Amino acid sequence: MSAIKTHYRTCNLCEAMCGLKITYQDKAVLKIEGDKDDELSKGHICPKAIALQDLYTDKDRLKTPIKRTENGWIDISWEDAFDEVAGKIKSIQKKHGRNAIGSYRGNPTVHNIGLMLFGTPFMQSIGSNQKYTATSVDQLPHHFASLMMFGHFLMFPIPDIDRTDFMLIMGGNPAVSNGSIMTAPNFSNRLKAIKKRGGKVVVVDPRFTETSKIASEHHFIKPGKDAFLLLAMIHIIFKENLATQKHLEGHLKGWETIKELVKEYSPEKLASIIGIDAVSITELAKEFANSKTAVCYGRMGLSTQEFGGLCQWLVNVLNIITGNLDIEGGTLFTKPAIDVVGMSKMTGNTGSFNRRQSRVHKMPEFTGEFPVATLADEILTEGEGQIKMMVTIAGNPVLSTPNGQHLEKALESLDYMVSIDLYLNETTKHADIILPTTTGLETLLYDLVFHQFAIRNTAKFSEVLFEKEENQRHDWEILKELTKRVSGKENPMNLEQTLDYMLQYSSYQEPKLSVEELKKHPHGLDYGALKPQLPKRLFTTDKKIELAHPLFIGDLKRLNSKLNQESEKEFPFYLIGRRHLRSNNSWMHNSERMVKGRERCTLLIHSKDAETLSIKENQKVTVISNVGKVQIPIEITDTMMQGVLSIPHGWGHHRKGTKMKIAEEHAGVSLNDLTNNMRLDTLTGNTDFSGTKVKIEV
Ligand SMILES: Nc1nc2c(c(=O)[nH]1)N[C@H]1C(S)=C(S)[C@@H](COP(=O)(O)OP(=O)(O)OC[C@H]3O[C@@H](n4cnc5c(=O)[nH]c(N)nc54)[C@H](O)[C@@H]3O)O[C@H]1N2
Ligand SMILES: Nc1nc2c(c(=O)[nH]1)N[C@H]1C(S)=C(S)[C@@H](COP(=O)(O)OP(=O)(O)OC[C@H]3O[C@@H](n4cnc5c(=O)[nH]c(N)nc54)[C@H](O)[C@@H]3O)O[C@H]1N2
Ligand code: SF4
Ligand SMILES: [Mo]
């Protein structure tokens with residue numbers, strides 16, 4: 001045995017980018033703890049990071065390509081697998097056209113630099129318009145608002161959490177999720193620090209969440225009604241003459257339009273629709289505007305709803321009209337070492353909208369992709385452009401996209417499917433070939449995406465901890481080989497060389513960055529807090545912020561149609577999701593330490609609702625929506641708003657033919673067997689999860 005050693009790296013499991021200190025011997029992890037010297041996370045860690053070792057040692061994890069045969073799955077060589085997949089792509093395109101190949105790329109893509117850098121050329125080699133990702137079940141409205149207002153789909157204003165006096169959190173639960181589109185490891189402590197320095201944290205959520213517990217104030221809101229709340233707050237701010245252009249004077253367009261249009265959205269008129277009384281809305285608006293600095297942060301729960309686009313627009317408007325965009329303590333744009341946004345000046349890729357519509361449901365394209373809600377119908381509906389073959393990469397859409405059962409049927413009907421993944425799971429079981437890849441501890445890492453969303457400008461490189469086995473392939477190696485075979489063009493660079501090349505163009509030249517240089521800084525490099533960058537940073541042609549883009553103004557008609565909408569009697573409850581500290585979407589339930597303890601896939605219900613239905617704790621009930629039904633035990637809790645239920649997403653591991661023993665033993669049910677693929681934010685194409693209506697049968 002060799003000596004016990006220490007390795008430092010960044011955790012690749014969520015957006016927080018925590019620094020890890022891993023003690024190991026040979027190829028065994030002895031301990032995983034937070035790296036106290038990490039420039040950003042200062043020792044913070046969550047339970048998921050400990051499970052990195054379980055992913056590495058998991059016996060169910062695939063290591064050689066497998067192929068489906070009449071007699072079950074068989075191992076095949078990489079050479080045969082690459083030949084077959086590249087051959088199928090070419091032959092199917094020859095027969096049915098370029099768009100016959102569909103692709104879905106999932107969430108781990110953005111946590112994996114190999115998939116980021118080698119995925120784009122692979123997609124180009126296929127050249128199909130039928131591209132789908134997890135973006136349209138997540139943050140699409142954020143991109144949409146950024147593109148329309150600032151001219152770039154990745155220009156996200158990041159809350160300056162460490163310096164703000166007031167934080168309003170809508171539709172986010174960072175105490176559990178550890179934050180999203182805002183990389184701020186140890187979010188909970190940062191929230192507590194706001195209170196300690198005399199500031200305030202307010203949460204607006206249909207559930208009294210783990211974040212609500214540490215906040216100063218919580219308000220229940222009816223699911224999907226946040227756009228009304230934001231409009232009512234903006235109404236008050238203008239009415240009370242609290243709106244200010246401040247340092248943004250001369251850089252804003254549409255001020256008068258906003259001022260005029262919010263006149264009709266008074267708190268008194270909207271209170272009963274929103275579920276918050278008019279006095280509280282008025283107070284909240286005034287407090288926000290009167291605070292020295294303030295920031296409104298709206299996340300998942302605001303994006304995955306019927307008016308996700310309007311919500312993310314109005315969050316930006318609220319921050320802007322209170323003088324809180326581009327200032328310390330408000331929201332700021334980042335400038336990381338590898339500045340993907342800044343680089344667009346060279347590449348020209350600032351995002352696009354509605355350049356084309358999807359074939360079956362005419363949904364709008366966004367930055368090259370279509371809404372995943374329409375994927376199943378693009379596979380099932382015959383005609384020119386029908387998807388005949390799917391490529392899935394790091395995604396589990398059967399569990400993570402709306403109406404998963406409908407997608408299952410679609411995947412079964414394909415001529416061919418290939419998946420690049422770690423597991424034989426609910427989605428990849430439909431593939432003809434699975435190309436297995438390496439896990440976090442076996443890969444090098446530089447977070448291309450999350451440095452771009454971090455609350456400080458930072459850079460960090462993580463070396464490989466455990467060399468992969470002889471027969472294994474990294475994601476980037478698989479993509480590079482497939483690209484070569486499909487396009488005939490060979491990329492001369494490997495992953496590290498590509499990263500090294502990008503680092504030459506770093507925003508910071510002191511020290512001059514390279515992979516070699518970053519290796520000397522295992523705890524990362526900190527370039528300080530975010531700084532104001534407007535108007536220079538804007539990508540709009542006139543260098544002005546578009547406050548009142550016609551697409552948003554037009555969509556208000558759709559919102560207004562909800563003012564007098566009757567409630568659906570057949571399905572009286574709203575159903576929303578939730579996350580847990582020991583889960584990561586759908587794919588980490590095969591680690592015993594992540595699933596042990598009491599059953600977590602339960603239906604949360606308020607005690608009064610349980611009483612009305614005469615149901616008791618732990619009783620199994622049937623939850624029915626207009627697309628499916630599931631049976632699930634109930635958990636009575638007054639942390640739920642009355643009339644709203646919650647089931648966590650990412651479960652439902654009972655499907656036959658998967659190979660995830662521990663997950664199967666803790667199967668749960670899939671929330672997305674109830675969500676409807678036809679319920680969308682029609683402005684952006686994002687899925688509306690929060691509008692899922694259900695009934696309970698005892
Ligand atoms: N109802 C409801 N649905 C939701 C949500 C919700 O809140 N409610 N949340 C949505 C959100 S925010 C998201 S991001 C999506 C996620 O949706 P997906 O990305 O489709 O789902 P994941 O569960 O993240 O699945 C990740 C897959 O990648 C594999 N994998 C993990 N690491 C790697 C790797 O390094 N390389 C490769 N090749 N594969 C890897 C895993 O085995 C797994 O199969 O789900 C969405 N779905
Ligand atoms: N432990 C853990 N961490 C994760 C993940 C995980 O699965 N597990 N997933 C990661 C991913 S992919 C993402 S995108 C992030 C997401 O990070 P967050 O955005 O923090 O996501 P959630 O925890 O789902 O929080 C969404 C909140 O919105 C609320 N909500 C639902 N509908 C509405 C509504 O209509 N209005 C309002 N105001 N609120 C609503 C829900 O009750 C919930 O509290 O988390 C990441 N981190
Ligand atoms: S908070 Fe996120 S990045 Fe930090 S240890 Fe947990 S999973 Fe990893
Ligand atoms: Mo996500």
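These legends describe close-up views of a predicted model and of the surroundings of ligand 2.

In this predicted model, local features need pLDDT of at least 70 and side-chain atom pairs count only at pLDDT 80 or more, while totals for chains, interfaces and linings use all residues. Residues are numbered from 1 along each chain as its sequence is written, chains are lettered from A and ligands numbered from 1 in the order in which they are written, and side-chain values use heavy atoms, without hydrogens and water.

**View 1. The domains and ligand 2.** The domain assignment, which is automatic or from a database, gives domain 1 (5–45), domain 2 (145–335 + 546–559) and domain 3 (566–697). Ligand 2 lies between domain 2 and domain 3, because both give residues to the shell around it. The C-alpha centres of domain 1 and domain 3 are 33 Å apart.

**View 2. The shell around ligand 2.** There are 31 residues around ligand 2, each with a heavy atom within 4 Å of it. Ser177, Asp205, Asp226, Arg579 and His580 come nearest. By class, the shell has ten nonpolar, 15 polar and six charged residues; Ala, Val, Leu, Ile, Met, Phe, Trp, Tyr, Cys and Pro count as nonpolar, Asp, Glu, Lys and Arg as charged, and the others, including Gly, as polar.

**View 3. Polar contacts of ligand 2.** A polar contact with the ligand is a pair of N or O atoms within 3.5 Å. Nitrogen atoms of ligand 2 lie 2.7 Å from a polar side-chain atom of Asp226 and 2.9 Å from one of Ser690. A backbone N or O atom of Met300 lies 3.2 Å from an oxygen atom of the ligand.

Technical notes:
Polar contact = N/O pair within 3.5 Å; in protein donor to acceptor, adjacent residues only side chain to side chain.
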